[in-house]
Amino acid sequence: ASVGSTPLGMFRIDREKDTAWLSWLIAPRFRGLGLGREMVGQALLLPLLRGKKVCARIKQENIPSKRIAKALGFERTASGALEEWTLGRKGLYSSK
């Protein structure tokens, strides 16, 4: 993702069978502006995620990414140094 020619961050989707694993990164100078939430929220609208279990692995100390995940309807489903977050009932494309 970019603003003009300036990269603001990165978003990635890795697909494994019926699961889509999301990852994102916001450039330091653009953090705290709500751009991460906007970027991930827009990505959740992609048709390729329909019917998939949508997950993210987030480092335990990455509080901003955990806030983004929680705000968009993800729920923490596994703890540890690398936490697993899964799009829950309140999230898009959830079948529950």
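**Salt bridges and the largest pocket**

With a relative accessibility of 2%, E83 counts as buried in this predicted model. Its side chain meets that of K66 in a salt bridge, with an N to O distance of 3.5 Å. This pair links distant parts of the chain, since E83 lies in strand β7 (residues 82-87) and K66 in helix α2, 17 residues apart. K66 likewise falls below the 20% limit for burial, at 14% relative accessibility.

E83 also forms a salt bridge with R76, in which the closest N and O atoms are 3.4 Å apart. R76, by contrast, is partly exposed, its relative accessible area being 47%. K66, R76 and E83 are thus linked in a network of salt bridges.

In total, the structure holds three salt bridges. One of them joins the side chains of R12 and D14, at 2.9 Å from N to O. Both partners of this pair are partly exposed: R12 has a relative accessibility of 45%, and D14 has a relative accessible area of 32%.

The largest pocket contains about 350 Å³ of space. It is lined by 16 residues, of which I26, R31, P64, S65 and I68 are the closest to its centre. Two or more lining residues come from each of the elements β4 (19-26), α1 (35-43) and α2 (63-71). Helix α2 makes the greatest contribution to this lining, with four residues. By residue class, the lining comprises eight nonpolar, five polar and three charged residues.

How values were computed: Residues numbered from 1 in each chain as written. Predicted model: local features only at pLDDT ≥ 70, side-chain atom pairs only at ≥ 80, totals over all residues. Heavy atoms only, no water. 1 Å grid on protein atoms, 1.4 Å probe; cavity = no way out; pocket = protein on both sides within 12 Å on 5 of 7 lines; lining within 4 Å. Points joined across faces, edges and corners; volume = space filled by probe spheres on them. Nonpolar A, V, L, I, M, F, W, Y, C, P; charged D, E, K, R; others polar. Salt bridge = Lys/Arg side-chain N within 4 Å of Asp/Glu carboxyl O. Buried < 20%, exposed > 50% of the residue type's maximum accessible area, 1.4 Å probe, protein only.
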